[in-house]
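Here is a friendly walk through one protein model, from single side chains out to the whole chain. Keep the viewer open and follow along.

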Amino acid sequence: MKIEIWSDVMCPFCYIGKHNFEQALEKLPFKDEIEVEWKSFQLDPTLDASQPQNTIEYFKEKKGFPAEQASQMIGQVAQMGKGAGIDFNFEKALIINTFTAHKLLHLAKKHGKANEMEEALFIAHFTDGKNVGDIEELITLADSLGIDKDETRQVLTSDQLDYEINQDIQEAKNNGISSVPFFVLNGKYAVSGAQPAEVFADALQQTYKETVSPFKDLSKEGGASCDADGCTVE
């Protein structure tokens, strides 16, 4: 069963949603039958790739929020993060254009390490205060996951994976996805937002049940039938 997840590195609810989803998945007996594919989404593609901002500045300048309101909102998100086992350090987080970070995610996907890279990018951005738009920082992340430095540099400094990223973004638009995180379960159901683990568990169980038994039986008792052992009349 395939789960597609649209996400952006600088989205705190994507980080919370990831942890809640993983918490739900870990308790399910069919967890090893789940394939997760991370998809790219940019919350603010207009951001400068060379001029990082702190979180308060960004909300004041871009969103028009007073500093006090921005601080209150950030505090609420940080509290939500604690419930998901995440330590947000918003005072250190650098707001930056994430397109290059998405390149690294797609490179990691080719190496079968997309989930590990998504987690590493979230930690770098939200916990360690790293600039996830900086190529040298991203090369260090890649190296920590065993991805060749030279390959990483070549990918991050070229347009090699731009098409894949733009395809993800266009697919989101085509499907009416305007906010993240957004989870698509086996191409049939969707879960939006950082839902509690219980919601993810229920959705995964329902989708899996229908995947294993795709037909809803509308028959009534008394239907005669034949199988490999012969025919019966009820």
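## Starting at K109

A good place to begin is K109, which touches E37, W38, A114 and D168 when residues up to four places away in sequence are not counted. Please keep in mind that this is a predicted model. K109 sits in helix α4, and with a relative accessibility of 26% it counts as partly exposed. The reasoning is simple: partly exposed covers values between 20% and 50%, so K109 at 26% belongs there.

For a sense of distance, look across to R153. Its C-alpha atom lies 16 Å from that of K109, and the two residues are 44 positions apart in sequence.

## Two more lysines

Next, find K39 in strand β2, which runs over residues 35-40. Is K39 buried or exposed? K39 is buried, because its relative accessible area is 7% and buried means under 20%. Its contacts, leaving aside neighbours within four places in sequence, are E4, I5, W6, S7, D168 and E171. D168 is therefore worth clicking on, because it appears among the contacts of K39 and also among those of K109, whose relative accessibility is 26%.

K62 is in a loop, the one joining α2 and α3. Its relative accessible area is 45%, so K62 is partly exposed. Beyond residues up to four places away in sequence, K62 touches D44, T46 and E57. K173 follows 111 residues along the chain, and the C-alpha atoms of K62 and K173 are separated by 22 Å.

## The nonpolar cores

Now turn to the interior. The largest nonpolar core holds 40 residues, and I3, L104, M117, L121 and L204 have the most contacts inside it. Several elements give two or more residues to this core: the strands β1 (2-7) and β5 (182-185), together with the helices α1, α4 (99-110), α5, α6 (135-144), α7 (149-156) and α9 (197-212). The biggest contribution is from α9, with six residues.

L121 makes a handy example. Setting aside its neighbours within four places in sequence, L121 is in contact with V9, A101, L104, L105, V132, L138 and L141. Apart from this core there is another, made of 22 residues, and W6, A78, V180 and V184 are among them. You have already met W6, as one of the contacts of K39.

## The largest pocket

How many residues line the largest pocket? There are 19, and M10, P12, L43, Y58 and F59 lie nearest its centre. Four elements give two or more residues to this lining: α1 (12-26), α2 (55-61), α3 (67-83) and α5 (114-127).

The volume of the largest pocket is about 390 Å³. By type, its lining residues divide into 15 nonpolar, two polar and two charged.

## The protein as a whole

Finally, zoom out. The protein has nine helices and eight strands, and its C-alpha trace spans about 75 × 45 × 30 Å along the principal axes. Of its 234 residues, 45% count as buried.

Among contacts with a separation of 6 or more, 73% link residues that are 24 or more positions apart. On the outside, the protein exposes about 12,700 Å², with carbon and sulfur atoms supplying 49% of that area.

Conventions. Residues numbered from 1 in each chain as written. Predicted model: local features only at pLDDT ≥ 70, side-chain atom pairs only at ≥ 80, totals over all residues. Heavy atoms only, no water. 1 Å grid on protein atoms, 1.4 Å probe; cavity = no way out; pocket = protein on both sides within 12 Å on 5 of 7 lines; lining within 4 Å. Points joined across faces, edges and corners; volume = space filled by probe spheres on them. Nonpolar A, V, L, I, M, F, W, Y, C, P; charged D, E, K, R; others polar. Core = buried A, V, L, I, M, F, W, Y, C linked by side-chain atoms within 4.5 Å. Buried < 20%, exposed > 50% of the residue type's maximum accessible area, 1.4 Å probe, protein only. Contact = heavy atoms within 4.5 Å. Areas by Shrake-Rupley, 256 points an atom, 1.4 Å probe, with all protein chains shown as cover.
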